[in-house]
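Q: Please take a close look at the place where the ligand sits. I am new to this structure and would like one connected account of the surroundings of the ligand.

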Amino acid sequence: MCGIVGYIGCSEAAPVLLKGLKNLEYRGYDSVGMATVSDSLKVFRGVGKIEKATENLDLRTLQGRVGIGHTRWATHGDVSEKNAHPHLDCKKRIAIVHNGIIENYKDLRDRLVEKGHEFKSNTDSEVIAHLIEDNMDDAMSFEEACITSFKELDGSYAVLAVLRDDQKIVAARKDSPLVIGLGEGELYFASDVSALIEWTKDVVYLQNHDVVVATAEGDMSFYNLIEEQEVKRRRDTVGWDAEQARKGEFEHFMLKEISEQAETVSRAILQDDEVIERIIDEVRRAKGVFFVGCGSSYHACLAGSYLFSKVAGVHVNLVLASEFENYEHFLTDETLVFAVSQSGETADVLDAVKAAKRRGSKVIAVTNVVGSSLMRAGDMMLLMNSGPEICVLSTKTYTSQVVLMAFLAYALAGKRDDCTKSIRNLYMDIFNLTSKTMREHLKGLAALLVSSEHIFMIGRGLQYATALEAALKVKEVSYIHTEAFAGGELKHGPLALIERGTPVFIFVGRNNREKVLSNAHEVKARGGVLIGISEQDEEPFDMWIKVPECGNFNPIIQAIPMQVLAYELAVQRGLDPDKPRNLAKCVTVL
Ligand code: M6R
């Protein structure tokens, strides 16, 4: 969704804001804006990706050592300069940036319009600036007006507000992430830590309903809107380092992150024995286990549900987080919910967690981001240990999620060491699958597919989960229509889509080779062009991607060449693989 940044300290704010916004651009890239405070309020807004929107911006026009910035992913209001943040009040004294959705903005807006406020944008966010102004008109200080206004907001928000004549930032969060970086006499605000780790690793994660007032001297006071009193917040240190959040020698984050998987897959099993034991006890005790996630995380859950069944004989209910409410009546205080989310900020997942909590169910948070909302909401947590993932597409975090699911399944079956050994053995295979030679092979294949209108993918069992994930990767980054089907479902409808020359990928596992090859023959008979992903070349294949057979670990091994292929397709189509159109890394709206 949107990303917000703020700076207050002894340096000029604008260059810091611009850098922070670039670091956060993966959260949204429809438009960008900044406001700085000096003798007046200086404001810049531009449409498009940051590079383009700011190409003619002279940072000297944005003077001031206090500033706020925003990169937008449009929800309310079209993509235009007037809808870009920051938003101002009528007198142009107050500027705000906002990530989230104000659900009662229409009521608030109508009330404010009636009182004479003039709105310039079609966004829900602008209402915050006018509300603060209105409260200040009632003789409140800036801080009091902010607190009173935040109490009136329904929905979700991470907000930064500045006032023209004041060297302060007032920040608040509810159901949208916000973290403060602590420098030497300076403070940084950002939607997530990857935006600020190049300046500091010392942070404070704001908790829900927190408001903080930060001064130019580096002082901060925290107030909680629910507790209605001043509160203290702990200082944390971020485990990631700045290098991990840079592209380095790679042209795109996507390729860098794909290439890190030999390491990240090995790191995913570095878990605390005691925590694993406790989670396993919970699974054994539970009367009903749910896996909940969205997008790639959901696909990892699907692979996980097969592994729990095959390896541990444990039944799991698999639910898309956005559909979870339909199962709420099954939840009791004996239910265990695994909520899986790379970012730990996906609104649908957090909503499912709320539902689980309402029913007294236990929640295991599986996430990559320390300090995320999901991590705080869970009763227990498992970290993916993948390091920052900047590309909008999940690649290394997907394989880490599958590893974690496999690890739990094997641990439940009392075979944890077998899993550890198998994962260690994958190192060289993953290294080879991400090598230059493999990339060249896949580049050639991408060149043959680059003009395809439709691509289909089929698999059975664990390979079905991989087919779904591979199809998501290809479609979201190359914009080629790509769909996955369970092999057995082909004859129930999708076969009608196969024409002469339609590319169809076949994911083969040794355990269901015959069955899926029989599906391949059905496709071949209708003129489809077959691309096999398997340990050996098979008679019906027209093209072949060679991968080692890894049994229960096939979902890791077979996903990787498909990530590379998706990347190559995007590059050959002249697209930016790190920032696909209409998407954002972190989906913080329902
Ligand atoms: O942060 P999360 O794991 O909760 O994100 C879930 C999905 O939004 C995410 O996997 C999305 O589908 C990606 N674009 C997949 O590449």
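A: In this predicted model, an N or O atom in the side chain of lysine 473 is found 3.0 Å from an oxygen atom of the ligand. Glutamate 476 also takes part, with a polar side-chain atom placed 2.5 Å from an oxygen atom of the ligand, and for threonine 346 the distance between a polar side-chain atom and a ligand oxygen atom is likewise given as 2.5 Å. Taken by itself, the ligand would expose 410 Å², and the protein buries 91% of that area. Two elements, helix H9 (295-312) and helix H15 (462-478), are the ones that give two or more residues to the shell around the ligand.

Looking at the shell as a whole, one counts 14 residues that surround the ligand, and the closest of these are Ser297, Ser341, Ser343, Thr346 and Glu476. By character, the shell residues divide into eight polar, four nonpolar and two charged.

The surroundings of the ligand can also be placed within the protein chain, whose domain assignment gives domain 1 (3-243), domain 2 (247-425) and domain 3 (431-577). Domain 2 and domain 3 each supply at least three residues to the shell around the ligand. As for the wider layout of the chain, the centres of domain 1 and domain 3, taken over C-alpha atoms, are separated by 44 Å.

Notes. Residues numbered from 1 in each chain as written. Predicted model: local features only at pLDDT ≥ 70, side-chain atom pairs only at ≥ 80, totals over all residues. Heavy atoms only, no water. Near = heavy atom within 4 Å. Polar contact = N/O pair within 3.5 Å; in protein donor to acceptor, adjacent residues only side chain to side chain. Areas by Shrake-Rupley, 256 points an atom, 1.4 Å probe, with all protein chains shown as cover. Helix = DSSP H or I, 4+ residues; strand = E, 2+ residues; numbered from the N terminus. Nonpolar A, V, L, I, M, F, W, Y, C, P; charged D, E, K, R; others polar. Domains from an automatic or database assignment.
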